[in-house]
Amino acid sequence: MKTVSFAAMLAAALAAAPAAAETVVVTADRMVDVLAGKTIDKPVVVIANGRIVAVGSAGSVAVPGDAKRIDLPGKTILPGLIDMHVHLEGHPKYSGYNGLEFTDSFWPIQATANARGMLGAGFTTVRNVGANNYTDVGLKEAIEEGWIPGPRIVPAGHALGATGGHCDETFLPPSFKRVGEGVADSADGFRQKVREQKKYGAEVIKICATGGVFSRGDEPGQQQLTAAELEAIADEAHMAGLKVAAHAHGASGIKAAIRAGIDTIEHASLIDDEGIALAKKAGTWLTMDIFNTDYTQSEGAKNGVLEDNLRKDREIAQIQRDNFRKAHAAGVRLLFGTDAGVMPHETAAGQFKYMVQYGMTPMEAIQAATRSGAQALGRERDVGAIAVGRYGDIIAVSADPLADIRALEHVDVVIKGGEVVKAD
């Protein structure tokens, strides 16, 4: 059987993808089984045609004699991570008005570097919640065609919102006549926008139910879509087989979105006790980005973030973290989502430590970024676990993340579909 060194793995990662018929065997010291909530010693994972065909401990799995081996002594392997709230087209270096220095085509090109950064950090699947000009759809297609490295992308196309709301163009004066591509102001208008996003490749619908931190002229707590508009969006998206993610900081907007049948609530910063109870009863997922404020407050001003936006971030940051703890304690379903693009994409795993600090066990935090993400995406047959039938998406770290969750901030090896794409 062939044995591949780390140097050889890195060379393979830069070369063409392995032949479709190739069988790959991955071994390590231990594996985090996110479905069972336990670890397995001396795991053996067999991958064929990019998908896992066998998993077990050493001696319990038949290994084909001609398989390529990826032996990871001393390592712990986990499923590839899932970040449910990213913006691959954005970058925190270009904040406020700084982005106006660049031509429109600059953004999708630099997005390729952001995609590479997330993959290198161990995120083999991401949900991109909003992009201009369907950049996320094109990026997904380029990755799938093998032109650039990157994670599996679930694209949203344009984020939908009200005139003057968080998803509108709010930084330019009237003479520019700039209107967000996803803007509508009626239930029927939003139905049309949902259909349009699906037509051009969206696989999730992103909406802005409340004001936000990085927009102008609104406050995070303000509701921006009516109950009728929210219900129309949810109905139209679900009829088309799509899920809906609602940007919602404010308590009233969160509750209206849950009642309308929205699938995931993004941010959920100012959620109140009634909203927590509603989310638990409805089984609504919350995606609470409790990490990125560190970067915004330390680096935002240098990057052009306006003081009013920094002020809004300061005002809700600790409230959001405290509400994360309350929601977890109440048994609400929580996902891993960082709003990467607000902070550098490659630092996304820094959120794990805050999820543990604010109430989760290390296993729960890992499950939020694997098993739960797959459930919320409706992709339990594809991603989110090292299990038969799912993609051969595996990461490896040197330390035990169940003993120290920060081990996930330094991923040594990333395997996507049985191919090594990073090996340090």
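## Notebook: strands, sheets and a helix pair

I opened with β7, where 4 bridges join this strand to β8 (residues 123–128), and the two run parallel. This is a predicted model, so I read everything below as computed from it. For one pair in register, I noted that V86 stands opposite N128 in β8.

**The sheet around β8**

Next I looked up which sheet these strands belong to. I found an open sheet of 3 strands, in the order β7-β8-β9, with parallel pairing. Its edge strands are β7 (81–86) and β9 (152–155), and each of them pairs on one side only. I also checked the twist: neighbouring strands here are turned by 15° against each other on average, with direction ignored.

Then I asked myself which helices pack on this sheet. One is α2 (residues 106–120), which touches β7 and β8. The direction of α2 makes about 130° with that of β8. Another is α3 (residues 135–144), and this helix touches β8 and β9. For α3 I wrote down an angle of about 155° with the direction of β9.

**The second parallel sheet**

Further along the chain numbering I looked at another open sheet. Here 5 strands line up as β10-β11-β12-β13-β14, and the pairing is parallel. The edges are β10 (204–208) and β14 (333–335), each pairing on one side only. Neighbouring strands of this sheet are turned by 25° against each other on average, direction ignored.

I picked out one pairing inside this sheet. Strand β12 (residues 264–267) is joined to strand β13 (residues 285–287) by 3 bridges, and the two run parallel. In that pair, T264 stands opposite W285 in β13.

I looked up a helix on this sheet too. Helix α5 (residues 227–239) lies across β10 and β11 (243–248). The helix runs at about 150° to β11.

**Two helices side by side**

Before turning to the next pair, I reminded myself that two packed helices are described by the angle between their axes and the distance between the axes. My pair was α6 (residues 251–260) and α7 (residues 273–282). Their axes come within 9 Å and cross at roughly 20°. Angles under 35 degrees count as roughly parallel, and α6 and α7 are therefore roughly parallel to each other. The crossing of α6 past α7 is left-handed.

Which residues meet here? From α6 I listed K255, I258 and R259, and from α7 they meet E274, G275, L278, A279 and A282. Sorted by type, the residues of this contact divide into 4 nonpolar, 1 polar and 3 charged.

**Around β16**

My last stop was strand β16 (residues 413–416). Strand β15 (residues 394–397) is joined to β16 by 3 bridges, and these two run antiparallel. Within that pairing, I395 has V414 in β16 as its bridge partner.

β16 also pairs with strand β17 (residues 419–423), again in the antiparallel sense, over 4 bridges. There I noted V420 in β17 as the bridge partner of I415. The hairpin of β16 and β17 has 2 residues between the strands, and G417 takes a positive phi near 60°.

Are the side chains of β16 buried or exposed? In a regular strand the side chains alternate between the two faces of the sheet. I found V413 and I415 on one side of β16, with V414 and K416 on the other. All of these are buried, and both faces of the strand are covered.

How values were computed. Residues are numbered from 1 along each chain as its sequence is written. This is a predicted model: local features need pLDDT of at least 70, side-chain atom pairs count only at pLDDT 80 or more; totals for chains, interfaces and linings use all residues. Side-chain values use heavy atoms; hydrogens and water are left out. Two strands pair if DSSP finds at least two bridges between them. Axes are lines fitted to C-alpha atoms, for helices over the stretch in contact, and angles run from 0 to 180 degrees between N-to-C directions. Contact means heavy atoms within 4.5 Å. Angles under 35 degrees count as roughly parallel, over 145 as roughly antiparallel, 65 to 115 as roughly perpendicular and the rest as oblique. A crossing is left-handed if the near helix is turned anticlockwise from the far one by less than a right angle, and right-handed if clockwise. Ala, Val, Leu, Ile, Met, Phe, Trp, Tyr, Cys and Pro count as nonpolar, Asp, Glu, Lys and Arg as charged, and the others, Gly among them, as polar. Buried means under 20% relative accessible area, exposed over 50%, partly exposed in between (1.4 Å probe, protein chains only).
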